[in-house]
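New to this one? Take a moment to look it over, and then we'll walk through a few spots together.

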Amino acid sequence: MTTSEAHETATNSAPWAQSGRQPSIAIIGAGMSGIAAVVKLQKAGYTDVTVYEKTDKVGGTWRENTYPGLSCDVPSRWYSFYFALKGDWPHRYSYGADIQAYLEQVAEDFGVTQKVTFNTAVTELTYDAPCWHLVTSDGKQEIFDVVISATGILHQPNYPDIDGLDSFQGACFHTARWNHASELKGQRVGIIGTGSTACQIVGAITDQVSEMHVFQRTPHWLSPLPQIAYSTGWNRLLSAFPFMQRLAYHYYCRLMVHTFSAATVGNKFMQRLINKTCVKHLKDNVPDPALRARLTPAYDATCKRLIFCSDFYPAISRSNAHLITDGIAQIEAEGIRTVDGKLHELDALILATGFNAAAFVLPARVTGENGVDLETQWDGAPRAHRAVALPGFPNFWMVEGPTGPVGNLSLIAISEHQVDYIVSMLDHMKAEGLAAIAAKQTAYDDYNAAMGEAIKNTTWATGGCTSWYFDKSGVPNLYPWKPLHYLKSMRNPDYSEYHLIK
Ligand code: NAP
């Protein structure tokens with residue numbers, strides 16, 4: 001049966017799990033979560049899968065971000081699919097291009113690419129029991145039994161609301177929309193923001209530009225990044241013995257979970273250790289005490305998303321680098337004017353101002369049971385049940401949805417666990433002949449109430465900072481317990497938390 005025949009059947013016949021046919025499954029997004037979803041669904045025997053990808057390539061954030069210095073601060077041997085470990089990662093911390101090449105290779109090797117409808121965004125999703133009606137950017141309409149949103153977290157650039165942004169005459173672009181035609185060598189470059197992205201860029205290009213002006217609103221803590229290039233011999237050994245790849249995966253998983261993640265959810269010893277490491281890193285790499293003072297945050301090191309970067313401090317200490325801590329008054333044709341009245345003349349302006357972290361599947365319009373609109377329901381503070389499900393939105397699942405464990409973790413690993421959970425749900429539907437599964441409102445309310453209480457004890461909430469983790473509700477939108485607890489709780493769905501609809 002072709003995909004469109006299956007969709008036709010979905011409209012005309014009994015729910016898939018009762019009629020014995022394959023469920024038709026739409027996946028939104030061909031980034032790492034979408035790739036994991038296709039591979040695991042296929043492995044479990046669900047082959048009627050269509051992936052909608054808004055651009056012309058797989059890779060998600062790693063396709064989208066191409067800025068100089070782009071790398072991943074989660075170790076490569078863990079930042080990999082467990083079903084496709086790789087013995088020959090070139091570095092301990094991969095550069096963006098290597099991760100993108102890996103994702104494209106996995107998509108090819110596991111038959112994902114052929115499932116993807118490229119250059120097609122999903123614009124509308126409407127539930128008409130027991131199916132989802134989907135509308136795409138080219139105006140086509142399709143019907144699916146199940147929808148999996150794998151749109152990622154940080155994919156809608158946050159453009160700063162600064163007066164005169166459009167009046168700047170030089171090249172001006174967001175870091176996720178890097179303008180490769182714009183030559184920065186020898187230019188006076190300004191960058192707004194000092195998050196993970198800005199630090200990597202400043203570290204990578206300051207020695208090539210004539211002047212680097214870094215506009216810092218709040219200082220961030222930086223931990224050193226112990227980068228190494230793997231030797232050919234070591235990589236040959238790991239390639240020859242896949243069990244060593246698995247050992248390395250678990251080693252890095254435990255290392256990150258028991259150190260950096262533990263610090264965020266209450267481990268005081270780790271918090272102190274990380275604070276000390278960051279203070280030492282700053283002291284050892286910024287000799288000028290005045291500059292050091294302006295780079296010193298007034299909050300705990302793990303409060304904002306911790307930055308791992310060894311290149312930023314040496315770069316900002318160079319004679320052609322200027323750290324500007326006076327607030328931005330406005331942007332003008334010639335550059336940026338700060339509140340002290342000074343005009344910082346620039347040839348190019350980079351907006352390293354982050355992303356709208358409350359978007360998830362939005363701006364697609366998602367309408368659940370009884371015409372409930374997801375954007376209205378979320379109202380700028382997205383929540384979910386166990387980060388994957390929503391009451392009133394049956395058979396709609398999210399990978400990397402709201403309130404999942406994010407922090408300094410491997411999002412690939414989390415995606416894989418969430419996809420396994422979704423596959424278990426499908427298996428249960430099949431076994432029980434269910435038409436739909438949706439989170440119970442009570443389960444969702446209890447889960448989110450418990451999270452709301454627990455988040456108060458995390459360093460994201462108590463550490464004295466604000467960050468993109470906070471949403472409109474005023475609290476961080478993150479999983480407040482130990483990440484291993486989340487992974488364990490996702491092993492077997494507790495069906496008492498769900499409406500099982502016949
Ligand atoms: P970010 O962490 O949200 O940082 C945005 C920066 O822009 C902050 O310094 C912020 O200042 C500043 N900013 C925002 N609006 C501003 C305004 N109107 N005026 C002045 N400054 C403004 O964004 P990001 O650096 O792109 O990183 C986002 C996330 O992507 C990271 O937290 C991380 O999760 C991920 N990432 C990961 C890696 C990796 O290696 N795995 C690499 C890059 C990014 P405030 O601090 O004052 O808000």
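What follows is a short tour of the ligand site, some helix packing and a few backbone details.

Keep in mind as you look around that this is a predicted model.

Let's start with the ligand. It has 23 residues around it, and the closest are T194, T197, T218, K304 and W468. Helix α6, residues 196–205, gives the largest share of that shell, with three residues. Sorted by type, the shell has eight nonpolar residues, 11 polar ones and four charged ones.

Some oxygen-atom distances from the ligand are listed here.

| Residue | Partner of the ligand oxygen | Distance |
|---|---|---|
| S71 | polar backbone atom | 3.0 Å |
| T194 | polar backbone atom | 2.9 Å |
| R305 | N or O atom in the side chain | 3.2 Å |

On its own, the ligand has 910 Å² of accessible area, and the protein covers 85% of that.

Now for the helices. Two packed helices are described by the angle between their axes and the distance between the axes. Helix α7 (residues 232–240) packs with α8 at an angle of about 105 degrees, and their axes are 4 Å apart. Angles from 65 to 115 degrees count as roughly perpendicular, so that label fits α7 and α8. On the α7 side, the residues that meet α8 are W234, L237, L238, S239 and A240, and their counterparts in α8 are P242, M244, Q245 and A248. Seven of the residues in this contact are nonpolar, two are polar and none is charged.

Helix α8 (residues 242–264) also packs with helix α9 (residues 268–285), here at about 100 degrees with the axes 8 Å apart. That makes α8 and α9 roughly perpendicular to each other too. In this contact, H258, T259, F260 and A263 of α8 meet M270, Q271 and I274 of α9. The split is four nonpolar, three polar and no charged residues.

Last, some backbone oddities. Most residues other than glycine have a negative phi, and most peptide bonds are trans. Which residues does a cis peptide bond with omega of about 0 degrees join? That would be A129 and P130, and P130 sits in the loop between β4 (122–128) and β5 (131–136). Another cis peptide bond joins L362 and P363, with omega at about 15 degrees. You'll find P363 in the loop between β17 (348–351) and β18 (365–367). As for phi, R386 has a positive value near 55 degrees, and R386 isn't a glycine. Look for R386 in the loop between α12 (374–378) and β19 (396–398).

Terms used
Residues are numbered from 1 along each chain as its sequence is written. This is a predicted model: local features need pLDDT of at least 70, side-chain atom pairs count only at pLDDT 80 or more; totals for chains, interfaces and linings use all residues. Side-chain values use heavy atoms; hydrogens and water are left out. Axes are lines fitted to C-alpha atoms, for helices over the stretch in contact, and angles run from 0 to 180 degrees between N-to-C directions. Helices (H or I, at least four residues) and strands (E, at least two) are DSSP runs, numbered from the N terminus. Angles under 35 degrees count as roughly parallel, over 145 as roughly antiparallel, 65 to 115 as roughly perpendicular and the rest as oblique. Contact means heavy atoms within 4.5 Å. Ala, Val, Leu, Ile, Met, Phe, Trp, Tyr, Cys and Pro count as nonpolar, Asp, Glu, Lys and Arg as charged, and the others, Gly among them, as polar. A residue is near a molecule or strand if one of its heavy atoms lies within 4 Å of it. A polar contact is a pair of N or O atoms within 3.5 Å; within protein, one must be able to donate a hydrogen and the other to accept it, and residues adjacent in sequence count only if both atoms are side-chain atoms. Accessible areas come from the Shrake-Rupley method with a 1.4 Å probe; for residues, only the protein chains shown count as cover.
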